[in-house]
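Colleague: Could we take a close look at one part of this model together? I am new to reading structures, so please go step by step.

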Amino acid sequence: MRLWREIRFRFRALFCKRALEAEMAEEISEHLARLTDAGLAAGLSPKEARLAALKQFGGVEQIKETARDQRGVAAVEHIVADFGYGLRQLRKAPGFAVIAILTVAIGIGATTAIFSVVNAVVLRPLAYPYPGQLVTLAAAGPPDFLLRRVTPAVYFELRRSARRFQSFTAWENSFANVTGLAYAQRRLVRSVTPNYLAMHGVSPLLGRGFQPGDTAPGAHGVAILGYEFWLTQFGAQAGAVGRTLEVNGQPCTVIGVMPRGFPIGSAVDRRQRELAERIQKHQRFHEAVPTPDEGEDRKRRQCRPGGGQNHVPEDSPPSAPFHARGFLQFHRDVAEKLAQQEHAERARRRRENQRQRRVDEPPLQDPVHRHQHCLLILRHKAVTKPKRDLPPALPAAHTPPTRPGPALRHNSAKNSCGVS
Amino acid sequence: MPKTELLQGTLDMLILRVLSAGSQHGWGIAQRIAVLSQDALRVEEGSLYPCLYRMEQKGWIDSEWGQSENNRRAKFYTLTKAGRKQLESERENWAVLCTAIGQVMGPP
(Lines give C-alpha, C1' and ligand atoms only; values in the text may rest on other atoms or scores of the structure.)
Protein backbone atom coordinates (compact mmCIF):
# COMPACT_ATOMS: atom_id res chain seq x y z
CA MET A 1 0.00 0.00 0.00
CA ARG A 2 2.75 2.34 1.03
CA LEU A 3 4.83 1.35 -1.96
CA TRP A 4 1.91 1.75 -4.30
CA ARG A 5 1.33 5.26 -2.99
CA GLU A 6 4.98 6.12 -3.51
CA ILE A 7 4.88 4.82 -7.07
CA ARG A 8 1.72 6.76 -7.79
CA PHE A 9 3.26 9.98 -6.50
CA ARG A 10 6.47 9.56 -8.41
CA PHE A 11 4.60 8.70 -11.55
CA ARG A 12 2.61 11.86 -11.18
CA ALA A 13 5.74 13.85 -10.47
CA LEU A 14 7.28 12.59 -13.71
CA PHE A 15 4.37 12.71 -16.10
CA CYS A 16 1.95 15.25 -14.63
CA LYS A 17 4.55 17.77 -13.71
CA ARG A 18 2.62 20.74 -15.07
CA ALA A 19 -0.49 20.00 -13.06
CA LEU A 20 1.57 19.62 -9.90
CA GLU A 21 3.37 22.90 -10.53
CA ALA A 22 0.11 24.69 -11.23
CA GLU A 23 -1.44 23.41 -8.01
CA MET A 24 1.58 24.43 -6.01
CA ALA A 25 1.67 27.90 -7.60
CA GLU A 26 -2.02 28.37 -6.91
CA GLU A 27 -1.70 27.40 -3.26
CA ILE A 28 1.27 29.65 -2.69
CA SER A 29 -0.19 32.67 -4.47
CA GLU A 30 -3.40 32.22 -2.53
CA HIS A 31 -1.45 32.18 0.71
CA LEU A 32 0.47 35.29 -0.35
CA ALA A 33 -2.74 37.06 -1.28
CA ARG A 34 -4.18 36.35 2.13
CA LEU A 35 -1.02 37.60 3.84
CA THR A 36 -1.15 40.76 1.71
CA ASP A 37 -4.81 41.25 2.59
CA ALA A 38 -3.92 40.94 6.26
CA GLY A 39 -1.22 43.57 5.80
CA LEU A 40 -3.66 45.91 4.06
CA ALA A 41 -6.15 45.41 6.85
CA ALA A 42 -3.43 46.41 9.31
CA GLY A 43 -3.17 49.72 7.45
CA LEU A 44 -0.08 49.20 5.27
CA SER A 45 0.19 50.51 1.74
CA PRO A 46 -0.29 47.88 -0.99
CA LYS A 47 3.45 47.83 -1.74
CA GLU A 48 4.40 47.52 1.90
CA ALA A 49 1.77 44.87 2.46
CA ARG A 50 3.14 42.83 -0.47
CA LEU A 51 6.73 43.07 0.85
CA ALA A 52 5.67 42.11 4.36
CA ALA A 53 3.77 39.13 2.98
CA LEU A 54 6.79 37.92 1.01
CA LYS A 55 8.98 38.32 4.07
CA GLN A 56 6.68 36.33 6.24
CA PHE A 57 6.21 33.63 3.64
CA GLY A 58 9.90 33.10 2.88
CA GLY A 59 11.66 32.75 -0.47
CA VAL A 60 9.01 31.56 -2.90
CA GLU A 61 11.43 30.02 -5.38
CA GLN A 62 13.49 28.27 -2.72
CA ILE A 63 10.35 26.77 -1.26
CA LYS A 64 9.17 25.58 -4.66
CA GLU A 65 12.58 24.08 -5.30
CA THR A 66 12.52 22.24 -1.97
CA ALA A 67 9.11 20.83 -2.82
CA ARG A 68 10.36 19.71 -6.24
CA ASP A 69 13.40 17.98 -4.77
CA GLN A 70 11.16 16.14 -2.36
CA ARG A 71 9.29 14.46 -5.14
CA GLY A 72 12.16 12.01 -5.57
CA VAL A 73 12.41 12.21 -9.33
CA ALA A 74 15.02 14.95 -9.50
CA ALA A 75 17.68 12.53 -10.73
CA VAL A 76 15.55 11.41 -13.66
CA GLU A 77 14.65 14.96 -14.52
CA HIS A 78 18.29 16.01 -14.46
CA ILE A 79 19.28 13.14 -16.73
CA VAL A 80 16.57 14.06 -19.21
CA ALA A 81 17.63 17.69 -19.09
CA ASP A 82 21.30 16.77 -19.57
CA PHE A 83 20.42 14.53 -22.47
CA GLY A 84 18.49 17.31 -24.16
CA TYR A 85 21.35 19.71 -23.56
CA GLY A 86 23.78 17.21 -25.07
CA LEU A 87 21.66 16.80 -28.18
CA ARG A 88 21.43 20.55 -28.63
CA GLN A 89 25.18 20.88 -28.30
CA LEU A 90 25.75 18.14 -30.88
CA ARG A 91 23.44 19.88 -33.32
CA LYS A 92 25.32 23.09 -32.78
CA ALA A 93 28.64 21.48 -33.76
CA PRO A 94 27.94 18.87 -36.44
CA GLY A 95 31.61 18.24 -37.26
CA PHE A 96 32.41 17.43 -33.68
CA ALA A 97 29.27 15.32 -33.50
CA VAL A 98 30.29 13.20 -36.48
CA ILE A 99 33.77 12.64 -35.10
CA ALA A 100 32.44 11.77 -31.67
CA ILE A 101 29.90 9.32 -33.05
CA LEU A 102 32.48 7.69 -35.30
CA THR A 103 34.89 7.37 -32.39
CA VAL A 104 32.28 5.66 -30.27
CA ALA A 105 31.20 3.42 -33.16
CA ILE A 106 34.74 2.30 -33.93
CA GLY A 107 35.42 1.79 -30.26
CA ILE A 108 32.39 -0.40 -29.82
CA GLY A 109 33.19 -2.32 -32.99
CA ALA A 110 36.78 -2.99 -31.97
CA THR A 111 35.77 -4.03 -28.48
CA THR A 112 33.14 -6.37 -29.84
CA ALA A 113 35.59 -7.94 -32.25
CA ILE A 114 38.17 -8.48 -29.53
CA PHE A 115 35.58 -9.90 -27.21
CA SER A 116 34.33 -12.27 -29.90
CA VAL A 117 37.82 -13.67 -30.23
CA VAL A 118 38.36 -13.90 -26.49
CA ASN A 119 34.97 -15.52 -26.10
CA ALA A 120 35.65 -18.13 -28.73
CA VAL A 121 39.21 -18.82 -27.69
CA VAL A 122 39.28 -18.33 -23.95
CA LEU A 123 35.82 -18.16 -22.46
CA ARG A 124 33.91 -20.76 -24.42
CA PRO A 125 35.33 -24.11 -23.56
CA LEU A 126 35.73 -26.94 -25.99
CA ALA A 127 32.77 -29.24 -26.28
CA TYR A 128 34.52 -32.07 -24.54
CA PRO A 129 34.74 -33.04 -20.92
CA TYR A 130 37.94 -31.76 -19.29
CA PRO A 131 38.79 -29.35 -22.09
CA GLY A 132 41.56 -27.90 -19.97
CA GLN A 133 43.56 -31.08 -20.31
CA LEU A 134 43.58 -31.06 -24.09
CA VAL A 135 46.40 -29.51 -26.02
CA THR A 136 47.08 -29.36 -29.70
CA LEU A 137 50.57 -29.95 -30.93
CA ALA A 138 51.50 -28.57 -34.28
CA ALA A 139 54.73 -28.22 -36.09
CA ALA A 140 56.28 -24.79 -36.04
CA GLY A 141 55.43 -22.67 -39.01
CA PRO A 142 54.09 -19.30 -40.04
CA PRO A 143 51.10 -18.28 -37.92
CA ASP A 144 48.64 -18.41 -40.78
CA PHE A 145 49.94 -21.71 -42.00
CA LEU A 146 47.10 -23.98 -41.07
CA LEU A 147 48.38 -27.25 -42.37
CA ARG A 148 51.00 -27.41 -39.70
CA ARG A 149 50.92 -31.13 -39.69
CA VAL A 150 52.96 -33.36 -37.55
CA THR A 151 54.38 -36.11 -39.65
CA PRO A 152 53.70 -39.72 -38.69
CA ALA A 153 57.35 -40.01 -37.79
CA VAL A 154 57.09 -37.14 -35.37
CA TYR A 155 53.85 -38.55 -34.02
CA PHE A 156 55.41 -41.87 -33.19
CA GLU A 157 58.44 -40.20 -31.75
CA LEU A 158 56.29 -37.96 -29.58
CA ARG A 159 54.24 -40.84 -28.39
CA ARG A 160 57.35 -42.72 -27.52
CA SER A 161 59.23 -39.99 -25.75
CA ALA A 162 56.80 -37.45 -24.36
CA ARG A 163 55.96 -38.57 -20.85
CA ARG A 164 53.94 -35.55 -19.81
CA PHE A 165 50.90 -36.51 -21.79
CA GLN A 166 48.50 -39.25 -20.92
CA SER A 167 47.77 -40.08 -24.49
CA PHE A 168 48.21 -38.86 -28.01
CA THR A 169 45.83 -38.93 -30.87
CA ALA A 170 46.32 -37.84 -34.42
CA TRP A 171 43.77 -36.80 -36.95
CA GLU A 172 43.60 -35.54 -40.46
CA ASN A 173 40.79 -33.94 -42.40
CA SER A 174 40.35 -34.62 -46.05
CA PHE A 175 37.68 -34.99 -48.64
CA ALA A 176 36.68 -38.39 -49.82
CA ASN A 177 34.28 -39.87 -52.31
CA VAL A 178 31.64 -41.74 -50.40
CA THR A 179 29.69 -44.30 -52.39
CA GLY A 180 27.32 -47.09 -51.46
CA LEU A 181 24.49 -44.71 -50.70
CA ALA A 182 21.80 -43.47 -53.05
CA TYR A 183 24.35 -41.41 -54.91
CA ALA A 184 28.05 -40.73 -54.72
CA GLN A 185 29.01 -37.87 -52.50
CA ARG A 186 32.06 -35.88 -51.64
CA ARG A 187 32.38 -35.55 -47.91
CA LEU A 188 34.67 -34.20 -45.29
CA VAL A 189 36.32 -37.17 -43.64
CA ARG A 190 38.38 -37.07 -40.53
CA SER A 191 40.88 -39.87 -40.24
CA VAL A 192 41.81 -40.55 -36.66
CA THR A 193 43.82 -42.93 -34.53
CA PRO A 194 41.75 -45.48 -32.56
CA ASN A 195 42.05 -43.69 -29.24
CA TYR A 196 40.58 -40.46 -30.63
CA LEU A 197 37.22 -40.80 -28.94
CA ALA A 198 38.58 -42.25 -25.73
CA MET A 199 41.04 -39.41 -25.40
CA HIS A 200 38.32 -36.82 -25.91
CA GLY A 201 36.17 -38.61 -23.38
CA VAL A 202 33.26 -38.98 -25.76
CA SER A 203 31.40 -42.12 -26.69
CA PRO A 204 29.17 -42.67 -29.69
CA LEU A 205 25.43 -42.22 -29.58
CA LEU A 206 24.94 -45.53 -31.34
CA GLY A 207 27.16 -48.47 -31.91
CA ARG A 208 30.69 -48.68 -30.63
CA GLY A 209 33.78 -46.58 -30.77
CA PHE A 210 37.05 -47.45 -32.43
CA GLN A 211 39.02 -50.30 -30.99
CA PRO A 212 42.68 -51.13 -31.33
CA GLY A 213 41.70 -54.24 -33.26
CA ASP A 214 40.29 -52.07 -36.01
CA THR A 215 43.80 -51.27 -37.11
CA ALA A 216 44.97 -54.86 -37.23
CA PRO A 217 46.59 -55.86 -40.52
CA GLY A 218 43.99 -56.85 -43.02
CA ALA A 219 41.16 -55.57 -40.88
CA HIS A 220 38.15 -54.11 -42.54
CA GLY A 221 37.93 -50.31 -42.64
CA VAL A 222 35.50 -48.89 -40.11
CA ALA A 223 33.71 -45.56 -39.84
CA ILE A 224 31.64 -43.64 -37.33
CA LEU A 225 29.06 -41.32 -38.79
CA GLY A 226 28.60 -37.73 -37.81
CA TYR A 227 25.16 -36.98 -36.43
CA GLU A 228 24.03 -34.77 -39.30
CA PHE A 229 25.24 -37.26 -41.88
CA TRP A 230 23.34 -40.01 -40.11
CA LEU A 231 20.26 -37.83 -40.00
CA THR A 232 20.24 -36.85 -43.65
CA GLN A 233 21.59 -40.00 -45.25
CA PHE A 234 20.08 -42.68 -43.07
CA GLY A 235 16.99 -40.94 -41.74
CA ALA A 236 18.38 -41.40 -38.25
CA GLN A 237 17.76 -45.12 -38.42
CA ALA A 238 19.66 -47.43 -36.16
CA GLY A 239 20.07 -49.79 -39.12
CA ALA A 240 22.84 -47.51 -40.32
CA VAL A 241 25.20 -49.29 -37.98
CA GLY A 242 26.54 -52.32 -39.79
CA ARG A 243 26.05 -50.89 -43.25
CA THR A 244 29.02 -50.78 -45.56
CA LEU A 245 30.08 -47.64 -47.36
CA GLU A 246 32.88 -47.14 -49.76
CA VAL A 247 35.28 -44.38 -48.96
CA ASN A 248 37.53 -43.58 -51.86
CA GLY A 249 36.71 -46.99 -53.22
CA GLN A 250 37.64 -48.85 -50.07
CA PRO A 251 34.91 -50.69 -48.17
CA CYS A 252 34.20 -49.32 -44.76
CA THR A 253 31.75 -50.64 -42.17
CA VAL A 254 29.71 -48.22 -40.15
CA ILE A 255 30.25 -49.11 -36.52
CA GLY A 256 28.63 -46.16 -34.79
CA VAL A 257 27.10 -42.69 -34.82
CA MET A 258 28.40 -39.71 -32.93
CA PRO A 259 26.07 -37.68 -30.70
CA ARG A 260 24.67 -34.45 -31.96
CA GLY A 261 26.93 -31.49 -31.44
CA PHE A 262 30.14 -33.45 -31.40
CA PRO A 263 32.43 -31.04 -33.18
CA ILE A 264 33.98 -32.70 -36.16
CA GLY A 265 34.50 -29.48 -38.06
CA SER A 266 35.41 -26.47 -35.94
CA ALA A 267 36.20 -23.00 -37.18
CA VAL A 268 39.77 -24.05 -37.67
CA ASP A 269 38.60 -27.08 -39.55
CA ARG A 270 36.56 -24.89 -41.81
CA ARG A 271 39.62 -22.91 -42.70
CA GLN A 272 41.55 -26.07 -43.18
CA ARG A 273 38.84 -27.34 -45.45
CA GLU A 274 39.06 -24.21 -47.55
CA LEU A 275 42.78 -24.60 -47.68
CA ALA A 276 42.42 -28.23 -48.62
CA GLU A 277 40.05 -27.31 -51.40
CA ARG A 278 42.51 -24.78 -52.68
CA ILE A 279 45.24 -27.36 -52.58
CA GLN A 280 43.12 -29.83 -54.45
CA LYS A 281 42.49 -27.25 -57.10
CA HIS A 282 46.13 -26.54 -57.66
CA GLN A 283 47.31 -30.03 -56.95
CA ARG A 284 50.59 -28.74 -55.74
CA PHE A 285 51.26 -27.11 -52.47
CA HIS A 286 54.06 -24.64 -52.35
CA GLU A 287 54.00 -23.67 -48.73
CA ALA A 288 56.94 -24.56 -46.61
CA VAL A 289 57.02 -27.85 -44.83
CA PRO A 290 56.53 -27.46 -41.10
CA THR A 291 59.85 -27.17 -39.47
CA PRO A 292 60.26 -29.41 -36.50
CA ASP A 293 62.71 -28.22 -33.94
CA GLU A 294 66.33 -29.20 -34.11
CA GLY A 295 66.23 -32.39 -32.10
CA GLU A 296 63.28 -33.85 -33.88
CA ASP A 297 64.74 -32.92 -37.19
CA ARG A 298 67.96 -34.70 -36.40
CA LYS A 299 66.10 -37.79 -35.32
CA ARG A 300 64.09 -37.72 -38.48
CA ARG A 301 67.21 -37.47 -40.56
CA GLN A 302 68.82 -40.28 -38.71
CA CYS A 303 66.01 -42.68 -39.31
CA ARG A 304 65.48 -41.74 -42.88
CA PRO A 305 66.42 -44.59 -45.13
CA GLY A 306 68.59 -43.79 -48.08
CA GLY A 307 66.31 -44.91 -50.88
CA GLY A 308 62.73 -44.24 -51.81
CA GLN A 309 61.66 -42.20 -54.78
CA ASN A 310 59.38 -39.99 -52.75
CA HIS A 311 62.00 -39.04 -50.27
CA VAL A 312 63.30 -35.65 -49.58
CA PRO A 313 67.00 -35.86 -50.24
CA GLU A 314 69.17 -36.02 -47.21
CA ASP A 315 70.69 -32.62 -47.76
CA SER A 316 67.54 -30.76 -48.62
CA PRO A 317 66.27 -28.31 -46.02
CA PRO A 318 63.27 -29.44 -44.03
CA SER A 319 61.22 -26.71 -45.65
CA ALA A 320 61.20 -28.32 -49.07
CA PRO A 321 57.77 -28.22 -50.71
CA PHE A 322 55.78 -31.36 -50.63
CA HIS A 323 52.71 -32.75 -52.19
CA ALA A 324 49.92 -32.25 -49.74
CA ARG A 325 47.79 -35.05 -51.04
CA GLY A 326 49.04 -38.49 -50.34
CA PHE A 327 50.85 -37.08 -47.40
CA LEU A 328 50.54 -40.26 -45.45
CA GLN A 329 51.85 -42.39 -48.26
CA PHE A 330 54.71 -40.02 -48.67
CA HIS A 331 55.90 -40.74 -45.20
CA ARG A 332 54.89 -44.30 -45.06
CA ASP A 333 58.32 -45.75 -45.36
CA VAL A 334 59.68 -43.31 -42.84
CA ALA A 335 56.95 -44.33 -40.48
CA GLU A 336 57.62 -47.97 -41.17
CA LYS A 337 61.24 -47.60 -40.36
CA LEU A 338 60.50 -45.63 -37.25
CA ALA A 339 57.91 -48.05 -36.09
CA GLN A 340 60.23 -50.96 -36.53
CA GLN A 341 62.76 -49.15 -34.46
CA GLU A 342 60.15 -48.36 -31.92
CA HIS A 343 59.03 -51.92 -31.82
CA ALA A 344 62.53 -53.15 -31.23
CA GLU A 345 63.21 -50.45 -28.70
CA ARG A 346 60.11 -51.20 -26.74
CA ALA A 347 60.72 -54.91 -26.76
CA ARG A 348 64.20 -54.25 -25.45
CA ARG A 349 62.94 -51.92 -22.77
CA ARG A 350 60.28 -54.30 -21.71
CA ARG A 351 62.81 -56.99 -21.28
CA GLU A 352 65.16 -54.70 -19.43
CA ASN A 353 62.86 -52.94 -17.11
CA GLN A 354 59.58 -54.68 -16.95
CA ARG A 355 58.59 -53.34 -13.58
CA GLN A 356 59.02 -49.66 -14.32
CA ARG A 357 57.60 -49.84 -17.74
CA ARG A 358 53.96 -48.88 -17.68
CA VAL A 359 52.06 -50.87 -20.28
CA ASP A 360 49.66 -48.28 -21.45
CA GLU A 361 49.39 -49.13 -25.07
CA PRO A 362 48.64 -52.31 -26.90
CA PRO A 363 51.63 -53.72 -28.66
CA LEU A 364 52.09 -52.28 -32.05
CA GLN A 365 50.99 -54.62 -34.72
CA ASP A 366 51.79 -53.04 -37.96
CA PRO A 367 52.10 -49.30 -37.76
CA VAL A 368 51.87 -48.94 -41.45
CA HIS A 369 48.56 -50.63 -41.48
CA ARG A 370 47.51 -48.53 -38.61
CA HIS A 371 47.68 -45.66 -40.97
CA GLN A 372 46.41 -47.39 -44.00
CA HIS A 373 43.25 -48.26 -42.20
CA CYS A 374 42.48 -44.74 -41.36
CA LEU A 375 39.41 -44.53 -39.22
CA LEU A 376 36.76 -42.31 -40.48
CA ILE A 377 34.19 -39.94 -39.25
CA LEU A 378 31.89 -38.74 -41.92
CA ARG A 379 30.29 -35.40 -41.59
CA HIS A 380 27.60 -33.63 -43.45
CA LYS A 381 28.18 -30.02 -44.28
CA ALA A 382 24.65 -28.71 -43.84
CA VAL A 383 23.26 -28.78 -40.35
CA THR A 384 19.72 -30.09 -40.46
CA LYS A 385 17.23 -29.61 -37.70
CA PRO A 386 16.29 -32.92 -36.16
CA LYS A 387 12.75 -34.10 -36.60
CA ARG A 388 10.59 -34.36 -33.56
CA ASP A 389 10.63 -38.12 -33.20
CA LEU A 390 14.36 -38.36 -33.55
CA PRO A 391 16.50 -39.03 -30.55
CA PRO A 392 17.72 -35.73 -29.18
CA ALA A 393 21.33 -34.88 -28.71
CA LEU A 394 23.24 -35.80 -25.65
CA PRO A 395 22.14 -33.48 -22.83
CA ALA A 396 25.09 -31.14 -23.10
CA ALA A 397 28.46 -31.18 -24.65
CA HIS A 398 30.06 -30.90 -21.22
CA THR A 399 28.32 -33.90 -19.81
CA PRO A 400 30.73 -36.73 -19.44
CA PRO A 401 29.83 -39.37 -21.96
CA THR A 402 29.93 -42.06 -19.36
CA ARG A 403 26.39 -41.05 -18.45
CA PRO A 404 24.38 -41.49 -21.60
CA GLY A 405 21.21 -39.41 -21.79
CA PRO A 406 17.77 -40.96 -21.51
CA ALA A 407 17.32 -40.72 -25.24
CA LEU A 408 20.40 -42.78 -25.80
CA ARG A 409 19.29 -45.52 -23.49
CA HIS A 410 15.86 -45.49 -25.00
CA ASN A 411 17.29 -45.80 -28.42
CA SER A 412 19.64 -48.60 -27.67
CA ALA A 413 16.88 -50.51 -25.97
CA LYS A 414 14.70 -50.17 -29.00
CA ASN A 415 17.24 -51.22 -31.51
CA SER A 416 18.94 -54.46 -31.85
CA CYS A 417 22.39 -53.08 -32.37
CA GLY A 418 23.80 -52.49 -28.96
CA VAL A 419 25.67 -49.56 -27.62
CA SER A 420 29.12 -50.50 -26.61
CA MET B 1 7.12 39.80 21.58
CA PRO B 2 10.29 38.04 20.34
CA LYS B 3 9.65 34.94 18.39
CA THR B 4 11.47 31.65 18.85
CA GLU B 5 12.95 29.68 15.98
CA LEU B 6 11.15 26.41 15.43
CA LEU B 7 13.09 23.30 16.46
CA GLN B 8 14.25 21.25 13.55
CA GLY B 9 11.81 18.50 12.66
CA THR B 10 8.95 19.70 14.82
CA LEU B 11 6.95 21.33 12.04
CA ASP B 12 5.59 17.94 10.96
CA MET B 13 4.33 17.32 14.44
CA LEU B 14 2.68 20.72 14.66
CA ILE B 15 0.92 20.24 11.34
CA LEU B 16 -0.31 16.81 12.38
CA ARG B 17 -1.57 18.26 15.62
CA VAL B 18 -3.46 21.05 13.85
CA LEU B 19 -4.98 18.63 11.35
CA SER B 20 -6.07 16.25 14.09
CA ALA B 21 -8.76 18.85 14.88
CA GLY B 22 -10.17 18.62 11.37
CA SER B 23 -9.26 19.25 7.74
CA GLN B 24 -7.62 22.56 7.00
CA HIS B 25 -5.92 24.41 4.14
CA GLY B 26 -2.38 25.78 4.17
CA TRP B 27 -3.29 29.27 5.26
CA GLY B 28 -5.54 27.89 7.98
CA ILE B 29 -2.77 25.65 9.30
CA ALA B 30 -0.40 28.58 9.55
CA GLN B 31 -3.04 30.62 11.39
CA ARG B 32 -3.80 27.78 13.79
CA ILE B 33 -0.13 27.31 14.63
CA ALA B 34 0.19 31.03 15.31
CA VAL B 35 -2.90 31.07 17.50
CA LEU B 36 -2.07 27.91 19.42
CA SER B 37 1.50 29.04 20.05
CA GLN B 38 0.21 32.50 20.99
CA ASP B 39 2.41 33.95 18.26
CA ALA B 40 5.55 32.82 20.00
CA LEU B 41 6.93 30.68 17.15
CA ARG B 42 8.51 32.11 14.07
CA VAL B 43 7.55 29.93 11.16
CA GLU B 44 8.36 30.84 7.60
CA GLU B 45 4.89 30.14 6.38
CA GLY B 46 6.11 29.03 2.96
CA SER B 47 8.01 26.12 4.45
CA LEU B 48 4.65 24.63 5.37
CA TYR B 49 4.04 23.65 1.80
CA PRO B 50 7.04 21.40 1.09
CA CYS B 51 6.29 19.85 4.45
CA LEU B 52 2.68 19.21 3.50
CA TYR B 53 3.64 17.67 0.14
CA ARG B 54 6.15 15.41 1.81
CA MET B 55 3.64 14.22 4.39
CA GLU B 56 1.11 13.62 1.67
CA GLN B 57 3.62 11.50 -0.19
CA LYS B 58 4.27 9.54 2.98
CA GLY B 59 0.58 8.91 3.34
CA TRP B 60 0.05 10.78 6.63
CA ILE B 61 -2.35 13.25 5.11
CA ASP B 62 -4.70 13.41 2.15
CA SER B 63 -5.55 16.46 0.13
CA GLU B 64 -8.61 17.60 -1.70
CA TRP B 65 -9.52 20.79 -3.50
CA GLY B 66 -12.48 22.58 -2.02
CA GLN B 67 -14.11 25.87 -1.30
CA SER B 68 -12.60 27.98 1.46
CA GLU B 69 -14.57 30.13 3.90
CA ASN B 70 -14.01 33.22 1.72
CA ASN B 71 -15.35 31.39 -1.34
CA ARG B 72 -11.97 30.82 -2.98
CA ARG B 73 -10.54 27.60 -4.26
CA ALA B 74 -8.22 26.01 -1.68
CA LYS B 75 -6.57 22.68 -1.07
CA PHE B 76 -7.77 21.02 2.12
CA TYR B 77 -5.59 18.59 4.00
CA THR B 78 -6.99 15.79 6.15
CA LEU B 79 -5.24 13.48 8.58
CA THR B 80 -5.21 9.83 7.53
CA LYS B 81 -5.06 6.77 9.78
CA ALA B 82 -1.32 6.52 9.28
CA GLY B 83 -1.03 10.21 10.09
CA ARG B 84 -2.87 9.74 13.33
CA LYS B 85 -0.52 6.96 14.30
CA GLN B 86 2.43 9.14 13.40
CA LEU B 87 1.08 11.95 15.55
CA GLU B 88 0.82 9.62 18.53
CA SER B 89 4.36 8.37 18.19
CA GLU B 90 5.70 11.89 17.71
CA ARG B 91 3.81 13.07 20.72
CA GLU B 92 5.35 10.33 22.82
CA ASN B 93 8.79 11.11 21.50
CA TRP B 94 8.28 14.74 22.27
CA ALA B 95 7.23 14.01 25.82
CA VAL B 96 10.29 11.86 26.38
CA LEU B 97 12.51 14.52 24.86
CA CYS B 98 10.99 17.29 26.95
CA THR B 99 11.35 15.33 30.15
CA ALA B 100 14.92 14.37 29.38
CA ILE B 101 15.98 17.89 28.48
CA GLY B 102 14.12 19.26 31.47
CA GLN B 103 15.95 16.87 33.78
CA VAL B 104 19.30 17.80 32.31
CA MET B 105 18.65 21.52 32.64
CA GLY B 106 17.22 21.25 36.13
CA PRO B 107 15.36 24.05 37.91
CA PRO B 108 16.66 27.55 37.23
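Which residue in β2(A) is the bridge partner of E172(A)?

Modeller: Happy to help! Please keep in mind that this is a predicted model. The partner of E172(A) is S191(A), which lies in β2(A). That bridge belongs to a longer pairing: β1(A) and β2(A) run antiparallel to each other and are joined over eight bridges. Together the two strands make a hairpin, with five residues between them. Look in the turn for G180(A), whose phi is positive, at about 100 degrees.

Now turn to another pairing of β1(A). This strand also pairs with β5(A), again in the antiparallel sense, over two bridges. Here V178(A) is the residue to find, as it stands opposite V247(A) of β5(A).

From the strands we can move to the core. The largest nonpolar core has 29 residues, and those touching the most other members are A223(A), L225(A) and V257(A). Both strands of our hairpin take part: β1 (171-179) and β2 (185-192) of chain A each supply at least two residues of this core. So much is also true of β5 (244-247), and among the other contributors are β4 (221-225), β6 (250-257) and helix α9 (227-234) of chain A. As a general background, nonpolar side chains in soluble globular proteins tend to be buried together.

Try selecting V257(A) next. Leaving aside neighbours within four places in sequence, its contacts include L225(A), I224(A), W230(A) and P204(A). L225(A) is itself one of the core residues that touch the most other members.

How does this part sit within the whole chain? Chain A contains 15 helices and seven strands. Of its 420 residues, 24% are buried. Among contacts in chain A between residues at least 6 apart in sequence, 68% join residues that are at least 24 apart.

Finally, a glance at the partner chain. In chain B, 15 residues are in contact with 18 residues of chain A. On that side of chain B, the elements giving two or more residues are α2, α3 (48-58) and β5 (73-79) of chain B. The most comes from α3(B), with five residues. By type, the side of chain B that touches chain A divides into five nonpolar, five polar and five charged residues.

Technical notes: Residues numbered from 1 in each chain as written. Chains lettered and ligands numbered in written order. Predicted model: local features only at pLDDT ≥ 70, side-chain atom pairs only at ≥ 80, totals over all residues. Contact = placed C-beta atoms within 7 Å. Helix = DSSP H or I, 4+ residues; strand = E, 2+ residues; numbered from the N terminus. Nonpolar A, V, L, I, M, F, W, Y, C, P; charged D, E, K, R; others polar. Core = buried A, V, L, I, M, F, W, Y, C linked by C-beta atoms within 7 Å. Buried ≥ 20, exposed ≤ 12 C-beta atoms within 10 Å, placed from the backbone. Pairing = 2+ DSSP bridges.
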